[in-house]
Amino acid sequence: MTFHQLQREIIEPGLCTACGACQLACPPDVIGFDGLLPVLTADAWGADDCAGCGDCLAVCPGLDPATPAAEERLFGRTREPAERWTGVFAEVLAGHATEPGLYRASASGGSLTVLLQTALLALGAGVALCMGRDPEEPWRAAPVLVRDPAALVEQSQSTYQLAPYLGALRQVMREEPETGVALTGVACHIQAMRKLQAMDTAAGRWARDRVVLMVEPACSSSTRPEGTATLIRERAEIPLESVVRLRYREGEYPGNIEIRTDDGERHTVAFWQAVRDFAANKTHRCLSCGDWMSGIADVSVSDGDPNIFAASVEQREQHKHGRVFVRTGAGAKAVAEAGARGLLRHTPVELAGLNLGLERKRNRRASYEKSGLPIPNGPIPGHTEELAEIVPDERLIAAPETEASR
Ligand SMILES: Cc1cc2nc3c(=O)[nH]c(=O)nc-3n(C[C@H](O)[C@H](O)[C@H](O)COP(=O)(O)OP(=O)(O)OC[C@H]3O[C@@H](n4cnc5c(N)ncnc54)[C@H](O)[C@@H]3O)c2cc1C
Ligand code: SF4
Ligand code: SF4
Ligand code: SF4
């Protein structure tokens, strides 16, 4: 097995998620990225193919997220059909950060950031991987390694933009192999890390021994960098070069896109508008994705309000919070420790009410399952999504004026 096989089976059919796990797992370090696509780094290798260990294909979640194997290892069982979209969990809590600065800055209350902070403070992590910005182009998403719990606040909030991600851990694995790692990542990131942890390779052993906590935001879909670039240039009418800071969920819940420019101005695009604009810039892998949450993170968090698109349209005021799905022993310990330190407030909550992101995902997945196109495996082998009617995405995120005229 060589890189060419990864190219043929994953990258060319559009199944690459840009997770970056192949870059992290490749023993001779010959994988780089051209935009969102993995490539062989010619200067590192000098030929048009590699040694052929197959580790890149083995770790890749693009076609096979390998959820059942991870569930057997973590929970001793695979999920039931009723758990198709949530995965196995011990309990669900309504949670939010107590620190006002983090609460304000976060997407849905800051539970995720609190858990990363707790991992740094009390669970043996020396570094946390999260999604931040490229210092050269501050509108562009990029992975960031953070060591100071307070510095995690600036990396909070949802980033609705794809960027090669897990390869950033290579530096930690190589230069400080004893350091404990906490990370946040969407479903495909977590799936890749669980696959890596099961591999009998140097990188696999490192991931098993050193990754102390994995927390995930739910993910209805993400967007190519071009989606954000177009929003900035065409919707906000701002040159990309003038952007110094970009946030996707700034201000009153659910928040809006806020673009700060080098003249000190702040420009805002309504969240619902951005959701509609982003729809034109999705990858085949995201559109056909079979997971809202991987269900194999230690803790998963979704928005507390099940329809933040409508909340954005109606500008409803509400107390923001997240739904915190506690799954593993490591996750339960992190939540307990965060509560004991007074960083996280939480109460048990019933799982009720549809989540629009999940509804969009279910409908898209159902249509891709019928399409005959190559799509990633879902978490239950052979399970297909049976909906009475497949609702097109445009209808689920109809513009307010269209809503009014219906
Ligand atoms: C692409 C995307 C789609 C989502 N879709 C849904 C949905 O359909 N329904 C729903 O209920 N919730 C969805 N969420 C989750 C929701 O928006 C919040 O992220 C979640 O509720 C956690 O909020 P929080 O305040 O606890 O997190 P915060 O404390 O604000 O922290 C968020 C953490 O997630 C990390 N992060 C943000 N974006 C990414 C990314 N792209 N990749 C890896 N890590 C990232 C940040 O670095 C930060 O550490 C989505 C999130 C993302 C990123
Ligand atoms: S992981 Fe192995 S097969 Fe894949 S690119 Fe690296 S050397 Fe080649
Ligand atoms: S491991 Fe991730 S980045 Fe690499 S080919 Fe697979 S999906 Fe793409
Ligand atoms: S939709 Fe799926 S493939 Fe795309 S970023 Fe989210 S979890 Fe990854």
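These legends accompany several close-up views of a predicted model.

Local features here need pLDDT of at least 70 and side-chain atom pairs count only at pLDDT 80 or more, while totals for chains, interfaces and linings use all residues. Residues are numbered from 1 along each chain as its sequence is written, and chains are lettered from A and ligands numbered from 1 in the order in which they are written.

**View 1. The surroundings of ligand 3.**
Let us start with the 16 residues around this ligand, of which the closest are Cys16, Cys19, Cys22, Cys60 and Gly62. A residue is near a molecule if its C-beta atom, placed from the backbone, lies within 6 Å of it. Helix 1 (3–11) and helix 2 (21–25) each give at least two residues to this shell, and helix 1 gives the largest share, three residues. Helices (H or I, at least four residues) and strands (E, at least two) are DSSP runs, numbered from the N terminus. By type, the shell holds 13 nonpolar residues, three polar and no charged. Here Ala, Val, Leu, Ile, Met, Phe, Trp, Tyr, Cys and Pro count as nonpolar, Asp, Glu, Lys and Arg as charged, and the others, Gly among them, as polar.

**View 2. The surroundings of ligand 4.**
Around this ligand you will find Thr17, Val186, Ala187, Cys188, Cys219, Ser221, Ser222, Arg285, Cys286, Cys289 and Asp291. Helix 9 (187–197) and helix 13 (284–287) are the elements that give two or more residues to the shell. Six of the shell residues are nonpolar, three are polar and two are charged.

**View 3. Helix 9 under cover.**
Of the 11 residues in helix 9, 10 are buried, where buried asks for 20 or more other C-beta atoms within 10 Å of a residue's own, with C-beta atoms placed from the backbone. Among them are Ala187 and Cys188, both also listed around ligand 4. His189, Gln191, Arg194 and Lys195 of helix 9 are buried too. The cover over the buried residues of this helix includes helix 2, helix 4 (55–59), helix 5 (67–75), helix 10 (202–210) and strand 7.

**View 4. The open sheet of eight strands.**
Follow the strands in the order 5-4-6-7-11-12-3-13, with mixed pairing; two strands pair if DSSP finds at least two bridges between them. Strand 5 (141–146) and strand 13 (344–348) are the edges, each pairing on one side only. Neighbouring strands are turned by 25° against each other on average, direction ignored. Axes are lines fitted to C-alpha atoms, for helices over the stretch in contact, and angles run from 0 to 180 degrees between N-to-C directions. Helix 7 (residues 111–122) packs on this sheet, and its direction makes about 175° with that of strand 7. The strands that helix 7 touches include strand 3 (91–97), strand 4 (125–133) and strand 12 (322–326).

**View 5. Strand 7 and its two partners.**
Six of the seven residues in strand 7 (residues 211–217) are buried. Strand 6 (residues 180–184) runs parallel to strand 7 and is joined to it by four bridges, with threonine 184 opposite valine 215. Strand 11 (residues 299–303) is also parallel to strand 7, through three bridges, and here proline 217 stands opposite valine 301.

**View 6. The open sheet of three strands.**
This sheet has the order 8-9-10 and antiparallel pairing. Its edge strands are strand 8 (243–250) and strand 10 (266–269), and neighbouring strands are turned by 20° against each other on average, direction ignored. Five bridges link strand 8 to strand 9 (residues 256–261), and arginine 247 stands opposite glutamate 258. Strand 9 and strand 10 share four bridges, with isoleucine 259 opposite histidine 267. The two form a hairpin with four residues between them, and glycine 264 in the turn has a positive phi of about 85°.

**View 7. Two nonpolar cores.**
A nonpolar core is a set of buried Ala, Val, Leu, Ile, Met, Phe, Trp, Tyr and Cys residues joined through C-beta atoms within 7 Å. The largest has 86 residues, and Ala21, Cys56, Leu115, Leu116, Ala128 and Val299 touch the most other members. Leaving aside neighbours within four places in sequence, cysteine 56 is in contact (C-beta atoms, placed from the backbone, within 7 Å) with Phe3, Leu6, Cys22, Ala25, Cys26 and Ile31. A second, separate core of 14 residues includes Val243, Ile257, Ala274 and Phe278.

Notes
A residue is buried if 20 or more other C-beta atoms lie within 10 Å of its own, exposed if 12 or fewer, and partly exposed in between; C-beta atoms are placed from the backbone. Two residues are in contact if their C-beta atoms, placed from the backbone, lie within 7 Å.
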